[in-house]
Amino acid sequence: MMKIKLVALDLDDTLLDSKRIISPRTRRAIQDAVAQGVMVTVATGRMHISALPYAQQLGLDVPIITYNGALIKSSLSGEVLSSRPVPRPVMDEVLALFRANGWYLQLHIGDSLYVKESNERVRFYEETAGVKAEVVGDKLYSVPGEASKMLTIAEPETIQAIRRQLLQAGFGERLSMAISKPQYLEMTCLGVNKGWALDFLANKLQIGRDAVMAVGDSQNDLDMIEYAGLGVAMGNASDTVKAAAQAVTRGHDEDGVAEAIEKYVLGR
């Protein structure tokens, strides 16, 4: 196997344990990999402002992939390598559909989070992501700018029903859609996903895909796991992700990321 030069790690339920903490063993494994000249980065559906503290905790001075690939931005200098928000005409059609159906929707614009009203879903997201939402009422449907990501949160069966209606309305050819958690449907610019972003970053660094390792657990990790020369699924990953991966490591509460880095990057 070619020596791994670039490692991309999903955050939630992958790098972070169930208490949203990076374990000491995982921290050491990442630091050892970096000391050997390997670039380790984060690839997440989270906002940049939400992912940044974890990169800083690890001392990573790298471009990090956020919003499922819609924004690739340096963790230290703040340099934007790539930004691909949802085009405004498409965004307006999504807003109109969600408004007409009374579905919950939150917008991620310019690394700010906009919601119509504060409710249990908003508070859950704020607590999970460590961010504060801006409550704007009906102005949500006309807030200026283009969204890096649009997210709806609902019961899993409702999420599946919303996704079906979006596909029936033709949005499958105008948006990228991923169910990152059973209750989350994330919508980004068409063609934007973690696999595309990892390819973009690897090319910029002149690293071949055979030297890339990606580790994740959810549907929105599938593209990067399939892209990477070595795609690794967490032990707590869905069966679909495990089937797409070339290797399966332990779960996120069992130092699965540390085990993968130690085995495939450090050769221990």
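This section describes the overall form of a predicted model and then a set of its residues and elements.

The chain contains 10 helices and 14 strands. Its C-alpha trace extends over about 55 × 40 × 35 Å along the principal axes. The radius of gyration is 18 Å, in agreement with the value near 18 Å that a compact globule of 268 residues would have. Of the 268 residues, 55% are buried. Among contacts with a separation of 6 or more, 58% join residues that are 24 or more positions apart. The exposed surface of the chain amounts to about 11,400 Å², and carbon and sulfur atoms supply 48% of this area. The charged side chains comprise 29 positive and 33 negative ones, and the centres of these two sets are 2 Å apart.

Helix H3 covers residues 48-57, and His48, Ser50, Ala51, Leu52, Tyr54 and Ala55 are buried within this helix. In an α-helix there are 3.6 residues a turn, so residues three or four places apart point the same way. The buried residues of H3 pack against two helices, H1 (11-15) and H5, and against two strands, S3 (63-66) and S4 (71-74). Glycine 59, placed just after H3, has a positive phi of about 70°.

Strand S6 comprises residues 106-109 and includes histidine 108. With a relative accessible area of 0%, histidine 108 is buried, because burial requires a value under 20%. A polar contact of 3.2 Å links the side chain of histidine 108 to the side chain of glutamine 106. When neighbours within four places in sequence are left aside, the contacts of histidine 108 are Met47, Tyr67, Leu113, Tyr125, Ala147, Ser148, Lys149 and Leu151. The loop between S6 and strand S7 (112-115) contains aspartate 111. Although aspartate 111 is not a glycine, its phi is positive, at about 65°.

Helix H5, one of the elements against which the buried residues of H3 pack, spans residues 120-129 and includes arginine 121. Arginine 121 has a relative accessible area of 35% and is therefore partly exposed, since this class lies between the limits of 20% and 50%. Apart from neighbours within four places in sequence, arginine 121 is in contact with Tyr104, Ile153 and Ala154. Arginine 121 and tyrosine 104 are separated by 17 residues in sequence, and the distance between their C-alpha atoms is 8.8 Å.

Glutamate 126 is also part of helix H5. Its relative accessibility is 13%, so glutamate 126 counts as buried. Thus H5 holds a partly exposed residue in arginine 121 and a buried one in glutamate 126. If residues up to four places away in sequence are not counted, glutamate 126 touches Val131, Lys132 and Ala133.

A further positive phi occurs at glutamine 206, a residue other than glycine, where the angle is near 60°. Glutamine 206 is located in the loop that runs between helix H7 (194-204) and strand S12 (212-216). The relative accessible area of glutamine 206 is 75%, so this residue is exposed, whereas histidine 108 in strand S6 is buried at 0%.

Conventions: Residues are numbered from 1 along each chain as its sequence is written. This is a predicted model: local features need pLDDT of at least 70, side-chain atom pairs count only at pLDDT 80 or more; totals for chains, interfaces and linings use all residues. Side-chain values use heavy atoms; hydrogens and water are left out. Helices (H or I, at least four residues) and strands (E, at least two) are DSSP runs, numbered from the N terminus. The radius of gyration is taken over C-alpha atoms; the globule rule is 2.2 Å times the number of residues to the power 0.38. Buried means under 20% relative accessible area, exposed over 50%, partly exposed in between (1.4 Å probe, protein chains only). Contact means heavy atoms within 4.5 Å. Accessible areas come from the Shrake-Rupley method with a 1.4 Å probe; for residues, only the protein chains shown count as cover. Lys and Arg count as positive and Asp and Glu as negative; His and the chain ends are not counted. The place of a charge is taken as NZ of Lys, CZ of Arg, CG of Asp or CD of Glu. A polar contact is a pair of N or O atoms within 3.5 Å; within protein, one must be able to donate a hydrogen and the other to accept it, and residues adjacent in sequence count only if both atoms are side-chain atoms.
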